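Here are a few notes to go with your first look at this one. Have the sequence and the 3D view open while you read.

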Amino acid sequence: MKILVAVKRVVDYNVKVRLNEAGEPDTATAKMSINPFDEIATECAVQLKEKGLASEVVAVTIGAQKSLDTLRVAMAMGADRGIHVLSEQLVQPLQVAKVLQKIVEKEKPDLIIVGKQAIDNDANQVGQMLATYCDIPQASFASKLEIANSGEAMVTREVDGGVQTVAVKLPAVITADLRLAEPRYVTLPNMMKAKKKPVETIEIDSLGVDISQRLKPIAYSMPKKEKNGQILATVSELVNKLQTEAKVL
């Protein structure tokens, strides 16, 4: 079984992005890393290979030359090879799904695992659109994944009321939720080994996908600062503040 994993280069989740003088997110000097949900997807794929359920894990990323670093992280985690779709232009979710469809047609994987969303745009769209374009089953928000001998995947997914288990025939698209797998620590020796693994570079223009921007940001703003909490000594003091300051009593 071949597994295809999509990974994205995003601002590290520990970084608090600020607005520059132009009122846009200042990411020029921000620390970048692999999208956390894509990291979970990669770990899940590698674990399936370690269990003998997969023969190859292929990581794919779309982005500028610097995105190669993110691809190397996925390969250091255990992916066998990488595909870098080179694009200096920002590619939005719809175009990402169309590009990945071209890669799926080329690689013919038995399973595609992607993060449920990227933490930079929080779109949560690529997996669902990719399954639609490829005309294959999908299971979103997966917290557990088991592969049966019958060529289907049993997916436990998180829903509003708890959890739901569904069976999907392979090939299928799975979107990884937070509890699907715990990513391993990437060691320096494995990063060095990853540099020797093969990476195929594909110019995005060669895929025949229209990457013109469909979405346009109107404005950016920082979250409102909330007042710090207070420790009160008595209940009467609490009631007084609720009456005079909060004005909810």
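The points below cover the nonpolar cores and then the strand pairing around E7.

1. Keep in mind that this is a predicted model. With that said, a good place to start is the largest nonpolar core, which has 36 residues. Ile3, Leu111, Ile113, Leu145 and Val155 are the ones with the most contacts inside this core.

2. Where do the residues of this core come from? At least two are supplied by each of the strands E1 (2-7), E4 (56-63), E6 (111-115), E7 (138-147), E8 (152-159) and E10 (172-176), and also by each of the helices H1 (36-50) and H2 (68-77). H2 gives the largest share, with 7 residues.

3. Try clicking on Leu111 next. Setting aside neighbours within four places in sequence, Leu111 is in contact with Lys2, Ile3 and Leu4, with Leu48, with Leu145 and Ile147, and with Leu170, Ala172 and Ile174.

4. There is another core, lying apart from the largest one, and this one has 25 residues. Ala6, Val58, Leu100 and Ile204 are among them.

5. Now to E7, which has two pairings worth tracing. E7 and E8 run antiparallel and are joined by 5 bridges, with Glu146 standing opposite Met154 in E8. E7 and E10, on the other hand, run parallel and are joined by 3 bridges; Gln138 has Val173 in E10 as its bridge partner.

6. Last, look at the hairpin of E7 and E8. Between the strands there are 4 residues, and Gly151 takes a positive phi near 80° in this hairpin.

Conventions: Residues numbered from 1 in each chain as written. Predicted model: local features only at pLDDT ≥ 70, side-chain atom pairs only at ≥ 80, totals over all residues. Heavy atoms only, no water. Core = buried A, V, L, I, M, F, W, Y, C linked by side-chain atoms within 4.5 Å. Buried < 20%, exposed > 50% of the residue type's maximum accessible area, 1.4 Å probe, protein only. Contact = heavy atoms within 4.5 Å. Pairing = 2+ DSSP bridges.
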